[in-house]
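Trainee: Could we go through this structure together, one question at a time? I would like to learn how each answer is reached.

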Amino acid sequence: MRYFNRLRWGVVAGLLVSVMAPLTSGQTITPDAEGFITAQPEDLVPPDGSRAVRIVGDPSQPGRYVMRITFAQDTGTRPHFHDQDRYITVIAGTWWVARGSEAATYDVENMTPIKAGSFLYQPANGIHYDEARDEPVTVQISGMGPLTTMRIDQDESGRR
């Protein structure tokens with residue numbers, strides 16, 4: 001079980017890095033000739049093999065970005081923070097989140113369920129971690145780039 005958890009979190013860490021880097025494997029919504037963007041629900045589903053759709057901008061570049069990310073069931077992140085504010089809406093599923101000073105050390109018991117339709121604001125440098133526990137979860141995240149993600153290093157027991 002310990003090996004599975006390390007493997008699972010290793011995969012999740014890799015996915016998180018891929019989401020925070022330029023989303024080359026994701027879909028990007030493009031504006032029309034006059035600059036308007038209209039995206040139907042079917043346009044906002046990540047293509048096979050991807051987890052994200054960039055709707056506006058790019059989190060690795062200066063300026064506003066909006067993206068939609070789908071987390072597979074039983075995936076999530078370890079304690080980390082971002083250098084910019086982020087605004088998050090849970091679109092589908094229940095997202096389990098830990099935030100604030102208690103989130104500096106990973107502890108599944110500190111997580112709070114955030115149901116679909118909920119909004120979260122993550123202030124710059126606010127420590128947090130999250131998880132799609134019982135089902136896939138889709139969130140829409142917006143903010144200003146460039147965005148940098150800093151992981152809080154811990155050993156496998158969750159201690160810093």
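Trainee: Is R54 buried or exposed?
Mentor: Good place to begin, and keep in mind that this is a predicted model. A residue counts as buried when its relative accessible area is under 20%. R54 has a relative accessibility of 15%, so R54 is buried.

Trainee: Which residue forms a salt bridge with R54?
Mentor: Side chains of opposite charge can pair when their charged atoms come close. Here the closest N and O atoms of the pair are 3.3 Å apart. The partner has 15% relative accessibility and counts as buried. The residue that forms the salt bridge with R54 is D58.

Trainee: What is the separation of the closest N and O atoms in the salt bridge between R133 and E131?
Mentor: The structure holds two salt bridges, and you have just named one of them. R133 and E131 are both buried. Their closest N and O atoms are separated by 3.0 Å.

Trainee: How many strands are in the protein?
Mentor: Follow the chain from the N terminus: the order of elements opens with α and goes on with β after β. There is one helix. The number of strands is 12.

Trainee: Which strands stand at the edges of the open sheet of six strands?
Mentor: The order in this sheet is β1-β2-β3-β11-β6-β9, and the pairing is mixed. A strand at the edge has a single partner strand, so one side of it is left without a neighbour in the sheet. Residues 27–28 make up one such strand and residues 119–122 the other. The edge strands are β1 and β9.

Trainee: How many bridges pair β6 with β11?
Mentor: Strands of a sheet pair through backbone hydrogen bonds, either parallel or antiparallel. β6 covers residues 86–92 and β11 covers residues 137–145, and they pair in the antiparallel sense. One bridge links T89 to Q140 in β11. The pairing runs over six bridges.

Trainee: What is the bridge partner of Y87 in β9?
Mentor: β6 and β9 run antiparallel and are joined by four bridges. Y87 also has a bridge partner in β11, namely S142. In β9, the partner of Y87 is Y121.

Trainee: Which residues form a nonpolar patch on the surface together with Y121?
Mentor: Y121 lies in strand β9. With a relative accessible area of 41%, Y121 is partly exposed. The patch has about 320 Å² of accessible area in total, and the residues that join Y121 in it are Y87 and F119.

Trainee: Which strand gives the most residues to the largest nonpolar core?
Mentor: In soluble globular proteins, nonpolar side chains tend to be buried together. The largest core here has 16 residues, and I69, V90, W95, L120, V139 and I141 have the most contacts inside it. At least two residues each come from β3, β6, β7 and β11. The one that gives the most, with four residues, is β3.

Trainee: How many residues does the other core, the one with A103 and Y106, have?
Mentor: That core lies apart from the largest one. Among its residues are also M111 and Y129. Its size is six residues.

Trainee: What separates the C-alpha atoms of H128 and F81?
Mentor: H128 is found in strand β10, and at 2% relative accessibility it counts as buried. H128 touches several residues, including F81, H80 and A103. Along the chain H128 and F81 are 47 residues apart, yet the distance between their C-alpha atoms is 6.3 Å.

Trainee: Which residues does the cis peptide bond join?
Mentor: Most residues other than glycine have a negative phi, and most peptide bonds are trans. In this cis bond, omega is about 0°. One of its residues, P146, is found in the loop between β11 and β12. The bond joins G145 and P146.

Trainee: What is the phi of N125?
Mentor: N125 lies in the loop between β9 and β10. At 48% relative accessibility, N125 counts as partly exposed. N125 is not a glycine, although its phi is positive, at about 70°.

Key. Residues are numbered from 1 along each chain as its sequence is written. This is a predicted model: local features need pLDDT of at least 70, side-chain atom pairs count only at pLDDT 80 or more; totals for chains, interfaces and linings use all residues. Side-chain values use heavy atoms; hydrogens and water are left out. Two strands pair if DSSP finds at least two bridges between them. Patches are made of residues with over 30% relative accessible area and no salt bridge: like charges are joined within 9 Å, nonpolar side chains (Val, Leu, Ile, Met, Phe, Trp, Tyr) within 5 Å. Accessible areas come from the Shrake-Rupley method with a 1.4 Å probe; for residues, only the protein chains shown count as cover. A salt bridge is a side-chain nitrogen of Lys or Arg within 4 Å of a carboxyl oxygen of Asp or Glu. Buried means under 20% relative accessible area, exposed over 50%, partly exposed in between (1.4 Å probe, protein chains only). A nonpolar core is a set of buried Ala, Val, Leu, Ile, Met, Phe, Trp, Tyr and Cys residues joined through side-chain atoms within 4.5 Å. Contact means heavy atoms within 4.5 Å. Lists of a residue's contacts leave out its neighbours within four places in sequence.
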